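The following exercises concern protein–DNA surfaces and the surroundings of a single residue. Each task is followed by a solution in steps.

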Protein chains: 2
Amino acid sequence: MFSKACEYGIKASIFIAISSSEGKRVTPKQIAEEINSPQAFTAKILQALVKHNVINSVKGAYGGFEIEKNDISKIKLAQIVNAIDGDKIYRGCGLGLEICDENHPCPVHDKFKSVRTDLQNMLESTTLEELAINIKSGASFLKV
Amino acid sequence: MFSKACEYGIKASIFIAISSSEGKRVTPKQIAEEINSPQAFTAKILQALVKHNVINSVKGAYGGFEIEKNDISKIKLAQIVNAIDGDKIYRGCGLGLEICDENHPCPVHDKFKSVRTDLQNMLESTTLEELAINIKSGASFLKV
DNA sequence: ATTAAATAGGATATATTTATCCGATATAAA
DNA sequence: TTTATATCGGATAAATATATCCTATTTAAT
Ligand code: FES
Ligand code: FES
């Protein structure tokens, strides 16, 4: 469904959101430990998220990654997925036709589109804040 | 969403269903032309579908691939996806946790599960026959 | 200024997926 | 029995995704 990079990106963003809500910046090392991911690879993904303005980075000693407190409730999963996997999950044809087009549909177009739209709605309506709250309360987990 | 192999497998199965309904066997060459896929790679996928009893093969001259006419309305997309991509699309965690478990859910478990179940229902209720009919009528397309 | 700690980013390595090639085997027809 | 035509299956190649390594740059604290 999502690439590994995207999975790491989502989990990392949630952890950064939690830390930022507590006023703490975090390093790729801490993030990788917390979400059980390869550190250097995770660092690359964080760079991409910075470039797409999902998270902020602060260089130098006492630096790290963070998210503006006020942004945590505004950032949607869709932004993260889009930053890393692009929009093929929303717009791509389920059977790999070059473009998904109502006027030239593949055999599963209608049925696939329905599922795909549900996924899109889910990603566009889910905020980092609610996911972070669930982790904090112990209702969900980032690893194992 | 699906692997390339799975996309080819679905499209190939639809084309074989159409041909078989007309009493004709088809070769990997014909299939690859019809669905715009690499021939040798497609042949591998056909072998997997034969092993999983989705399609039949007949070796030797005048041989090829076919589907029992009576089976065309019984074969569901889910069988094809399962034969090629396995069941991770139905059972795997959206964020890559080792197992998707109600008692140890990832942050998106509930929302993801809903989408995943819709996809599963779609795949389990869609028959090769209905997809083949849509192609025959010109309502949908297998390539470009 | 110097040092320590952190991100940025290029180069490289590994694993997986996708794709190609070729010879072995099976089978229908002549 | 011979020939032509298929699938089968192993070996290999190419492309992409995943992962690691190392150096440069930035910055806070001393
Ligand atoms: S054309 Fe295939 S999903 Fe729209
Ligand atoms: S645990 Fe992640 S989807 Fe169920």
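**Exercise 1. Determine which element gives the most to the surface near DNA strand D, and describe that surface.**

Solution. Step 1: the element is α3(A), with three residues; helices (H or I, at least four residues) and strands (E, at least two) are DSSP runs, numbered from the N terminus. The model is predicted: local features require pLDDT of at least 70 and side-chain atom pairs pLDDT 80 or more, whereas totals for chains, interfaces and linings use all residues. Residues are numbered from 1 along each chain as its sequence is written, chains are lettered from A and ligands numbered from 1 in the order in which they are written, and side-chain values use heavy atoms, without hydrogens and water.

Step 2: DNA strand D is surrounded by 23 residues, with P38(A), P28(B), K44(B), S57(B) and G60(B) the closest; a residue is near a strand if one of its heavy atoms lies within 4 Å of it. Of the strand D atoms that come within 4 Å of the protein, 67% belong to sugar and phosphate.

Step 3: by class, this surface comprises eleven nonpolar, seven polar and five charged residues. Here Ala, Val, Leu, Ile, Met, Phe, Trp, Tyr, Cys and Pro count as nonpolar, Asp, Glu, Lys and Arg as charged, and the others, Gly among them, as polar.

**Exercise 2. Identify the atoms of DNA strand D that pair with polar backbone atoms of G60(A), A61(A) and G60(B).**

Solution. Step 1: a polar backbone atom of G60(A) is 3.4 Å from a base oxygen of strand D, and one of A61(A) is 3.3 Å from a base oxygen.
Step 2: for G60(B), the partner is a sugar or linking oxygen at 3.0 Å.

**Exercise 3. Establish which parts of DNA strand C lie opposite G60(A), K4(B) and Y8(B).**

Solution. Step 1: a backbone N or O atom of G60(A) lies 3.2 Å from a sugar or linking oxygen of strand C.
Step 2: phosphate oxygens of strand C are found 3.0 Å from a backbone N or O atom of K4(B) and 3.1 Å from a side-chain N or O atom of Y8(B).
Step 3: the largest share of the surface near strand C comes from α3(B), with three residues.

**Exercise 4. Locate V58(A) and list what V58(A) touches.**

Solution. Step 1: V58(A) belongs to strand β1 (residues 56–58) of chain A.
Step 2: leaving aside residues up to four places away in sequence, V58(A) touches R25(A), G63(A), G64(A) and E66(A), where contact means heavy atoms within 4.5 Å.
Step 3: the C-alpha atoms of V58(A) and R25(A) are 8.6 Å apart, at a sequence separation of 33 residues.

Terms used
Polar contact = N/O pair within 3.5 Å; in protein donor to acceptor, adjacent residues only side chain to side chain.
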